[in-house]
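Biologist: Please show me the chain and its model. I would like to go through the helices, the core and the charged pairs.

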Amino acid sequence: MKRTPELRMLTVALLSLGFAGGALAQISHGERKFVEEAAKGGMSEVELGQFAQEHASNPQVKQFAQKMVQDHSKANEELRSLAQAKGVTVPSGPKHTENHEMSKLAKLQGDAFDREYMDHMVKDHEKDVKEFQKEADKAKDADVKNFAANTLPTLQEHLRLAQEADAAVNGKQSTQKKKTAMR
């Protein structure tokens with residue numbers, strides 16, 4: 001095949017988009033979807049956390065929300081770098097379901113807001129822990145695997161804190177505290 005200036009320009013363009021030797025950087029469809037969903041979820045955590053910092057009435061909920069903004073902002077930056085290196089375009093905003101959650105929260109105040117936000121955070125982090133554990137165990141791409149494995153302990157801590165705050169706003173003992181009390 002004759003190397004024309006057009007072919008060279010196309011090769012350079014493909015390489016800059018993450019193509020190497022004509023093949024996309026080795027990241028599976030599942031890993032690509034994980035990166036995209038993790039990015040959307042991280043943005044949602046930051047947005048909901050900022051909203052909760054302003055609207056929560058319980059100090060423990062406000063503190064949890066602040067931690068969500070701080071930790072997920074950091075993880076979002078790491079994920080953006082990973083996505084860029086793998087040629088994955090991260091979404092520009094949070095998940096559609098989170099927009100629905102934000103609308104629901106905007107209608108609530110006081111204890112009702114705190115209960116709804118913490119209930120959502122517990123469910124969301126239970127799902128996140130499962131997804132990140134799966135990627136940490138099964139991802140073929142070393143960078144995706146490492147991101148999931150390194151982020152997992154933070155998400156597990158978030159789940160524990162969410163369960164405690166949820167228990168506090170609902171006037172019940174957290175699952176973690178129950179386990180400790182039973183020993």
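What follows is a set of questions and answers on this predicted model.

Biologist: How far apart are the end C-alpha atoms of helix α3?

Modeller: Helix α3 covers residues 59-86, which makes 28 residues. At 1.5 Å a residue, the expected span is 40 Å. The model agrees, because the end C-alpha atoms lie apart by 40 Å.

Biologist: Which residue caps the N-terminal end of α3?

Modeller: Look at the backbone nitrogen of Q60. A side-chain oxygen sits 2.7 Å from that nitrogen. The oxygen belongs to the capping residue, N58.

Biologist: Which residue follows α3, and what is the sign of its phi?

Modeller: The residue after α3 is G87. Its phi is near 75°, and the sign is positive.

Biologist: Which element gives the largest share of the largest nonpolar core?

Modeller: This core has 38 residues, and F34, V35, Y117, M118, M121 and F132 touch the most other members. Two or more residues come from each of α2 (29-55), α3, α4 (96-106), α5 (110-138) and α6. The largest share is nine residues, and the element that gives them is α6.

Biologist: Which residues does V35 touch, leaving out those up to four places away in sequence?

Modeller: V35 is one of the core residues that touch the most other members. In general, nonpolar side chains tend to be buried together in soluble globular proteins. With sequence neighbours up to four places away left out, the contacts of V35 are I27, L79, L82, A83, V88 and V144.

Biologist: How far apart in space are A142 and I27, C-alpha to C-alpha?

Modeller: A142 is found in helix α6. A142 counts as partly exposed, because its relative accessibility is 47%. In sequence, 115 residues separate A142 from I27. In space, the C-alpha to C-alpha distance is 9.6 Å.

Biologist: Is E164 buried or exposed?

Modeller: E164 is found in helix α6 (residues 142-169). Its side chain makes a polar contact of 2.6 Å with the side chain of R160. The relative accessibility of E164 is 18%, so it counts as buried.

Biologist: Which residue forms a salt bridge with K86?

Modeller: The whole structure holds 13 salt bridges. In the one asked about, the closest N and O atoms are 2.9 Å apart. K86 lies in helix α3 and its partner in helix α6, 57 residues apart. That partner is D143.

Biologist: Which partner in that pair is buried, K86 or D143?

Modeller: D143 has 39% relative accessibility, so it counts as partly exposed. The other partner has 12%, so the buried one is K86.

Biologist: How many residues apart are E101 and K104?

Modeller: Their side chains meet in a salt bridge, at 3.8 Å from N to O. E101 is buried, because its relative accessibility is 5%. K104 is partly exposed, because its value is 37%. Both lie in helix α4, about one turn apart, and the separation in residues is three.

Biologist: Which residues are joined into one network by salt bridges that share partners?

Modeller: Take the pair D128 and K127, whose side chains meet in a salt bridge at 3.8 Å. D128 is buried, because its relative accessible area is 10%. K127 is partly exposed, because its area is 33%. The network built on shared partners joins K86, D141 and D143.

Key
Residues are numbered from 1 along each chain as its sequence is written. This is a predicted model: local features need pLDDT of at least 70, side-chain atom pairs count only at pLDDT 80 or more; totals for chains, interfaces and linings use all residues. Side-chain values use heavy atoms; hydrogens and water are left out. Helices (H or I, at least four residues) and strands (E, at least two) are DSSP runs, numbered from the N terminus. Buried means under 20% relative accessible area, exposed over 50%, partly exposed in between (1.4 Å probe, protein chains only). A polar contact is a pair of N or O atoms within 3.5 Å; within protein, one must be able to donate a hydrogen and the other to accept it, and residues adjacent in sequence count only if both atoms are side-chain atoms. The expected span of a helix is 1.5 Å times one less than its number of residues. A nonpolar core is a set of buried Ala, Val, Leu, Ile, Met, Phe, Trp, Tyr and Cys residues joined through side-chain atoms within 4.5 Å. Contact means heavy atoms within 4.5 Å. A salt bridge is a side-chain nitrogen of Lys or Arg within 4 Å of a carboxyl oxygen of Asp or Glu.
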